[in-house]
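Please open the structure in your viewer and keep the sequence panel beside it. The stops below say what to select next and what is to be found there.

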Amino acid sequence: MSKRTLVRGGLVITAADEVHADVLTEDGRIVALAAGGSDVAASWTADRVIDATNKYVIPGGVDGHTHMEMPFGGTFAADTFETGTRAAAWGGTTTIVDFAIQSPGQALREGLDAWYAKADGNCAIDYGFHMILADVNEHSLNEMDLLVQEGITSFKLFMAYPGVFYSDDGKILRAMQRTSHNGGLIMMHAENGIAIDVLVEQALAAGRTDPRYHGEVRKVLLEAEATHRAIQLARVADAPLYVVHVSAEEAVAELAAARDKGLPVFGETCPQYLFLSTDNLAEPDFEGAKYVCSTPLRPREHQAALWRGLRTNDLQVVSTDHCPFCFTGQKEMGRGDFSKIPNGLPGVEHRMDLLHQAVVEGHISRRRWIEIACATPARMFGLYPKKGTIAPGADADIVIYDPHAEQTLSAETHHMDVDYSVYEGKRITGQVETVLSRGELVIDGRKYTGRPGHGSYTPRATCQYLT
Ligand code: URP
Ligand code: ZN
Ligand code: ZN
Ligand code: ZN
């Protein structure tokens with residue numbers, strides 16, 4: 001028996017349009033839109049009617065960069081697929097693309113299968129995977145072709161973290177040459193990790209052990225240099241490139257220069273770089289450890305360049321890089337040695353709200369909000385138009401968003417399984433009220449009604465942002 005839901009009376013916002021329209025879904029998909037108040041819309045019947053009067057009706061968020069249960073520095077990211085996807089749903093995100101990891105010496109297949117198993121039956125919302133390549137060799141290069149066919153169409157490489165995930169320029173070039181042929185997309189962690197490790201060693205030897213030195217050794221110049229180098233390698237390989245977690249003005253400038261040449265080079269930034277800064281890393285009593293991530297938070301002056309990049313499309317996507325570690329017992333591993341603080345911040349729950357706050361503050365328009373948080377990540381990672389828009393045929397991943405509600409972000413009220421918030425006390429105008437994932441209520445009027453296992457694995461097409 002078919003099941004129909006009608007979302008009535010709201011302002012439907014997509015990357016392209018803002019229209020007062022009613023939205024009809026059937027069996028997990030959007031089947032029709034009609035002008036609010038029209039005879040057509042009035043004739044529709046449904047099993048469930050959601051009143052969206054004075055609310056926004058937006059596509060569920062697509063977070064293209066999360067790390068649930070990620071092993072790092074001898075511990076694991078605190079959110080499991082169960083807790084992390086539930087928190088994502090609370091925040092209006094209905095799809096994540098997480099990173100499966102190939103460990104050195106492992107086949108891609110082995111790493112990927114382990115991630116399928118971790119997520120299977122546990123997710124509240126739909127999910128896909130990118131693959132982290134930590135060991136580029138003849139075998140893993142061949143496996144890349146198979147993964148692309150299987151729906152794992154993007155591969156993260158690291159110019160940082162020597163001895164862990166690091167690939168040298170030769171390995172990077174080989175992987176890029178491969179994607180140039182198989183249609184995959186290289187996602188680059190662009191920081192010069194070899195140089196950073198020298199500065200880390202020197203800082204520690206000089207007794208500079210506090211969290212703020214994490215920001216000082218991971219220099220802007222070493223992000224910009226790596227970004228430049230990654231772009232040149234991609235040009236040589238004739239491959240597209242997506243640079244993750246861009247934090248520095250000088251790195252945005254490298255992307256802008258490449259794009260001005262017409263190169264298929266893309267950039268992502270994250271809310272932490274837009275709203276937080278080195279001031280947070282310098283908080284006393286080791287509190288700065290809460291803000292340790294890589295690329296690191298930057299001096300506040302960089303934020304204007306990131307906002308500008310988002311407006312001018314030199315940056316196309318905002319993802320969270322959600323990789324939470326509790327302060328107690330996890331971040332604390334780095335007391336007396338900042339290099340032992342696990343890298344990563346919690347954020348999967350707050351991206352849609354923080355970007356709505358950016359709309360309220362005039363940094364971006366409402367349609368750009370949806371574009372950078374829903375539509376472009378879906379297109380970039382081959383999920384469009386199933387995800388990322390409100391249109392007939394799309395999955396019924398719909399958020400009813402109250403743009404007038406006021407909320408205060410806090411560890412007391414968030415749903416991520418981590419004991420602090422990097423946004424503690426931050427006031428936000430706007431709040432998710434109701435969330436549908438493939439037509440099922442996951443959040444119903446600020447109550448969680450989802451379940452682990454509703455979310456299903458979503459294979460992806462190759463990048464749709466190139467064409
Ligand atoms: O600090 C971060 N970003 N941790 C997650 C791993 C990565 O490099 O994205
Ligand atoms: Zn990274
Ligand atoms: Zn990451
Ligand atoms: Zn914990």
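Begin by selecting E18, which counts as partly exposed because it has 14 C-beta neighbours inside 10 Å, a number that lies between the limit of 12 or fewer for exposed residues and that of 20 or more for buried ones. Bear in mind at this and every later stop that the model is predicted. E18 is found in strand β3, which covers residues 18–26. Leaving out residues up to four places away in sequence, E18 touches L11, I13, R366 and R367. If you then add P296 to the selection, you will find its C-alpha atom 36 Å from that of E18, with the two positions 278 residues apart along the chain.

Now zoom out to take in the whole protein, which has 14 helices and 19 strands. Its C-alpha atoms fill a box of roughly 70 × 50 × 40 Å along the principal axes. For 467 residues, a compact globule would have a radius of gyration near 23 Å, and the 21 Å of this protein agrees with that. Of these residues, 55% count as buried. Among contacts with a separation of 6 or more, 76% join residues that are 24 or more positions apart.

Next, select I186 and L241, the residues with the most contacts inside the largest nonpolar core, which has 144 residues. Setting aside its neighbours within four places in sequence, I186 is in contact with F155, L157, A175, M176, T179, A234, A239, L241 and Y242.

One of those partners, A234, leads to the following stop, since it is among the buried residues of helix α8. Select residues 220–237 to see this helix of 18 residues, which reaches 26 Å from its first C-alpha to its last, close to the 26 Å expected at 1.5 Å a residue. Besides A234, its buried residues include L222, A226, A230 and A237. An α-helix has 3.6 residues a turn, so residues three or four places apart point the same way. The buried residues of α8 pack against several elements, among them α5 (169–182), β13 (185–189) and α9 (249–260). Just after the helix comes D238, whose phi is positive, near 55 degrees.

For the last stop, select ligand 1: which residues surround it? Ligand 1 is surrounded by H67, H189, H245, C293, S294, D321, C323, N343 and G344. Sorted by class, this shell has 2 nonpolar, 6 polar and 1 charged residues.

Definitions and conventions: Residues are numbered from 1 along each chain as its sequence is written. Chains are lettered from A and ligands numbered from 1 in the order in which they are written. This is a predicted model: local features need pLDDT of at least 70, side-chain atom pairs count only at pLDDT 80 or more; totals for chains, interfaces and linings use all residues. Helices (H or I, at least four residues) and strands (E, at least two) are DSSP runs, numbered from the N terminus. The expected span of a helix is 1.5 Å times one less than its number of residues. Two residues are in contact if their C-beta atoms, placed from the backbone, lie within 7 Å. A residue is near a molecule or strand if its C-beta atom, placed from the backbone, lies within 6 Å of it. Ala, Val, Leu, Ile, Met, Phe, Trp, Tyr, Cys and Pro count as nonpolar, Asp, Glu, Lys and Arg as charged, and the others, Gly among them, as polar. A nonpolar core is a set of buried Ala, Val, Leu, Ile, Met, Phe, Trp, Tyr and Cys residues joined through C-beta atoms within 7 Å. The radius of gyration is taken over C-alpha atoms; the globule rule is 2.2 Å times the number of residues to the power 0.38.
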